[in-house]
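Here are my notes on this one, jotted down as I went through it. Have it open beside you as you read.

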There are 2 protein chains.
Amino acid sequence: MRRFNSWIVGGVVVGALAGAAALMAAAGEQMSLADATKPQYTADGKLKSPDPAIFREWVQLGTPVTPNDQNNGVAAFPEFHNTYVAPWAWAEFKKNGVWPDGTVLAKELVLVGEKQASSGKGYFGGEFHGLDVAVKDSKKNPETPNNWAYYNFNHAAPPYAPEAAAQPKANCSSCHEANAGPADDYTFIKYYPIAREAKAKVKAKSAPAK
Amino acid sequence: MRRFNSWIVGGVVVGALAGAAALMAAAGEQMSLADATKPQYTADGKLKSPDPAIFREWVQLGTPVTPNDQNNGVAAFPEFHNTYVAPWAWAEFKKNGVWPDGTVLAKELVLVGEKQASSGKGYFGGEFHGLDVAVKDSKKNPETPNNWAYYNFNHAAPPYAPEAAAQPKANCSSCHEANAGPADDYTFIKYYPIAREAKAKVKAKSAPAK
């Protein structure tokens, strides 16, 4: 019996999953999540969801939090925003201060959980609660500011949507254009201490001689 | 009096620590930082500081924040607590639900910066502002609960202290014992969503047969 139970991981029967995956593969349905080190698209041009089990281990750029109780109970994004980037893209950013073509930024939302702990009152990570992704892809998005496109894989508990179409400009890009701007490659690096510091180093290195 | 009080953070006089760091620099001692994938000690048994350029790219477990303005202006830790672990130790934790011998947990403090952005009111990452480290080392700490020891490399802007002696039990361990406890290996995984989820999966897998 112990042996049998060891097949069950997180409520999912692994043996059955393997079988289902084989069936789906046979049926030609591709439901697998993307490793998303580079963007991966469906045949009809939607972005495949990056796999949370992978991107949660990428470099985490920052974690702003805009809780409901600071926004009259109705924050636009009442969660922690955990923003991740793949190591290869981070390495390029550290060299150049801009995101390279092919960058995938995964912003996972995490509900506020506890608000009181031994360390004091504040905000502590609760449940995962949504996934937004920004992709810089010059081939796919030749017309958008710096080739970014923005995707929403649901603002709710996982599992997230397996694929998503790019959002209309008004939903994401207009805010990135107005509030992050071209100087920061349309990303909110001003709220990401390691990215801010990396960019300042690139700038200092490339400053003209006095 | 306010000025004097601002030096005292978590029972440690930061001014004195900064002075010690300056003295070491003046003495021309090259205190290289540790990669800290495993703990590294000085000849006299102090822990060498993990290198922020390295640990900031490890797996980030979570980011609680306990701001001053939620704690009558005087939070014990008024910063974001960015907690990182090396990938090898994280891989072991995912398998077993406990931290392996040799784990180094780096908790970097990040001041609250902006409190208002286009996404709403809240807390956004400001400047780096301190480093605490927990090390599980059965050889070095055979007598402590689960072999953990706790180190403080300054609660102030970098550069952090290059080395630190283990903190007395009352400063760190007693709180971890009382508020994290043996069930969570004396670490605050209840505030780290990915660690909480990983541990739940291990637990489900090892549940006794019905």
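**Notes on two buried acids and the A/B interface**

1. Start with A:Asp137, which sits in the loop between strand 9 (125–136) and strand 10 (148–152) of chain A. Keep in mind throughout that this is a predicted model. A:Asp137 is buried, yet no salt bridge goes with it. If you go looking for a partner, the nearest side chain of opposite charge belongs to A:Lys140, and that is 7.3 Å away.

2. A:Lys140 does turn up again, though through its backbone: its backbone nitrogen lies 3.1 Å from a polar atom of the A:Asp137 side chain. As for what else surrounds this acid, setting aside residues up to four places away in sequence, A:Asp137 touches A:Pro39, A:Tyr41, A:Asp101 and A:Asn147. Note that another Asp, A:Asp101, is on that list.

3. Over in chain B, have a look at B:Glu79, in the loop between strand 4 (59–62) and strand 5 (80–85). B:Glu79 is buried and has no salt bridge; B:Lys107 offers the nearest side chain of opposite charge, 7.9 Å away.

4. So what does the side chain of B:Glu79 make a polar contact with? The partner is the side chain of B:His129, at 3.1 Å. B:His129 also appears among the residues in contact with B:Glu79 once neighbours within four places in sequence are left aside. The others are B:Pro64, B:Val65, B:Thr66, B:Leu109, B:Val110 and B:Leu111.

5. Now the interface. Here 50 residues of chain B are in contact with 49 residues of chain A, and the area buried between the two chains is about 3800 Å², with carbon and sulfur atoms giving 54% of that. On the chain B side, B:Glu57, B:Tyr191 and B:Lys205 lose the most area to chain A, together 14% of what that side buries.

6. B:Glu57 is worth a second look, as it forms a salt bridge with A:Lys94, the closest N and O atoms being 2.5 Å apart. Between the chains the count is 6 salt bridges, and there are 19 residue pairs in polar contact, both residues at pLDDT 80 or more.

7. Which elements of chain B give two or more residues to the side that touches chain A? Among them are strand 4, strand 5, helix 4 (87–96), strand 9 (125–136) and helix 5 (173–179). Helix 6 (193–205) is on the list too, and it gives the most, with 7 residues. By type, the residues on this side divide into 23 nonpolar, 15 polar and 12 charged.

Conventions: Residues numbered from 1 in each chain as written. Chains lettered and ligands numbered in written order. Predicted model: local features only at pLDDT ≥ 70, side-chain atom pairs only at ≥ 80, totals over all residues. Heavy atoms only, no water. Helix = DSSP H or I, 4+ residues; strand = E, 2+ residues; numbered from the N terminus. Buried < 20%, exposed > 50% of the residue type's maximum accessible area, 1.4 Å probe, protein only. Lys, Arg positive; Asp, Glu negative; His and termini not counted. Salt bridge = Lys/Arg side-chain N within 4 Å of Asp/Glu carboxyl O. Polar contact = N/O pair within 3.5 Å; in protein donor to acceptor, adjacent residues only side chain to side chain. Contact = heavy atoms within 4.5 Å. Buried area = accessible area lost by both parts, 1.4 Å probe. Nonpolar A, V, L, I, M, F, W, Y, C, P; charged D, E, K, R; others polar.
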